[in-house]
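Me: I should like to go through this structure by asking what justifies each description. Please set each value against its definition.

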Amino acid sequence: VAALSDARNPLKAVQRLRQNPDSTEFVYLKPFRVDEITPLNPYHLEIVPHAEIDEANFYTLSSFGVTHFVNGKPEFTELEQWKREHYLFNAIIKIPVFKK
């Protein structure tokens with residue numbers, strides 16, 4: 001499985017953003033495709049410059065949470081909730097019955 005560099009890893013950005021919880025800094029994210037065979041994981045995201053996002057489907061990450069934009073419509077998830085969902089999703093997909 002391909003790994004993200006620290007500069008593109010949202011979990012590393014979370015650590016940095018949490019050091020200044022009142023910051024308005026944010027980063028853009030897009031789904032990270034491991035390869036053509038592996039299904040997309042909704043929590044496997046990579047930090048990208050604005051120029052690399054798909055305007056119809058992208059995310060932002062701030063110290064407050066993750067916002068998923070689909071066709072201009074935002075859906076916000078608080079940071080602690082997103083981290084919990086990220087952890088649970090990735091734990092579930094490791095269970096053999098869910099691997100396929």
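Me: What percentage of the 100 residues of the chain count as buried?
Reply: The share is 32% of the 100 residues. Buried means under 20% relative accessible area, exposed means over 50%, and partly exposed lies in between, with a 1.4 Å probe and protein chains only. This is a predicted model, in which local features need pLDDT of at least 70 and side-chain atom pairs count only at pLDDT 80 or more, whereas totals for chains, interfaces and linings use all residues. Residues are numbered from 1 along each chain as its sequence is written, and side-chain values use heavy atoms, with hydrogens and water left out.

Me: What pLDDT does the chain average, and which elements have the lowest and the highest mean?
Reply: The chain averages 87, and 95% of the residues score at least 70; pLDDT is the predictor's confidence in each residue, from 0 to 100. Among the elements, helix α1 (residues 10-18) has the lowest mean, 83, and strand β5 (residues 73-78) the highest, 97.

Me: How many helices and strands does the chain have, and what makes a run count as one?
Reply: There are two helices and five strands. Helices (H or I, at least four residues) and strands (E, at least two) are DSSP runs, numbered from the N terminus. In that direction the elements run α-β-β-β-β-β-α.

Me: Why does the radius of gyration of the chain agree with a compact globule?
Reply: The chain has 14 Å, and a compact globule of 100 residues would have a value near 13 Å, so the two agree. The radius is taken over C-alpha atoms, and the globule rule is 2.2 Å times the number of residues to the power 0.38. Along the principal axes, the C-alpha atoms fill a box of roughly 40 × 25 × 25 Å.

Me: What area does the chain expose, and what part of it do carbon and sulfur atoms supply?
Reply: About 7,000 Å² is exposed, and carbon and sulfur atoms supply 56% of it. Accessible areas come from the Shrake-Rupley method with a 1.4 Å probe; for residues, only the protein chains shown count as cover.

Me: Why is S63 called buried?
Reply: S63 has 13% relative accessibility and therefore counts as buried. The place of S63 is in the loop between β3 (57-62) and β4 (65-70). Leaving aside neighbours within four places in sequence, S63 is in contact (heavy atoms within 4.5 Å) with L17, N20, P21, S23, E25 and L79.

Me: Are N20 and P21, in the loop between α1 and β1 (26-31), to be called buried or exposed, and what decides the matter?
Reply: Each falls between those classes: N20, at 43% relative accessibility, counts as partly exposed, and P21, with a relative accessible area of 47%, is partly exposed. Both lie in the loop between α1 and β1. Not counting residues up to four places away in sequence, P21 touches S63 and F64. The C-alpha atoms of P21 and G65, 44 residues apart along the chain, are separated by 11 Å; those of N20 and T60, 40 residues apart along the chain, are separated by 17 Å.

Me: What makes H86 buried, and what does H86 touch?
Reply: The relative accessible area of H86 is 15%, so H86 is buried. H86 lies in helix α2 (residues 79-92) and touches L11 and Y43, not counting residues up to four places away in sequence.

Me: Why is N71 called exposed?
Reply: N71 has a relative accessible area of 65%, and therefore N71 is exposed. N71 lies in the loop between β4 and β5, and its phi is near 50°, a positive value in a residue other than glycine.

Me: How is N57 classed, and on what value?
Reply: N57 is partly exposed, with a relative accessible area of 27%. N57 lies in strand β3 and, leaving aside neighbours within four places in sequence, is in contact with P31, H68, F69 and V70. N57 and P21 are 36 residues apart in sequence and 26 Å apart in space, C-alpha to C-alpha.
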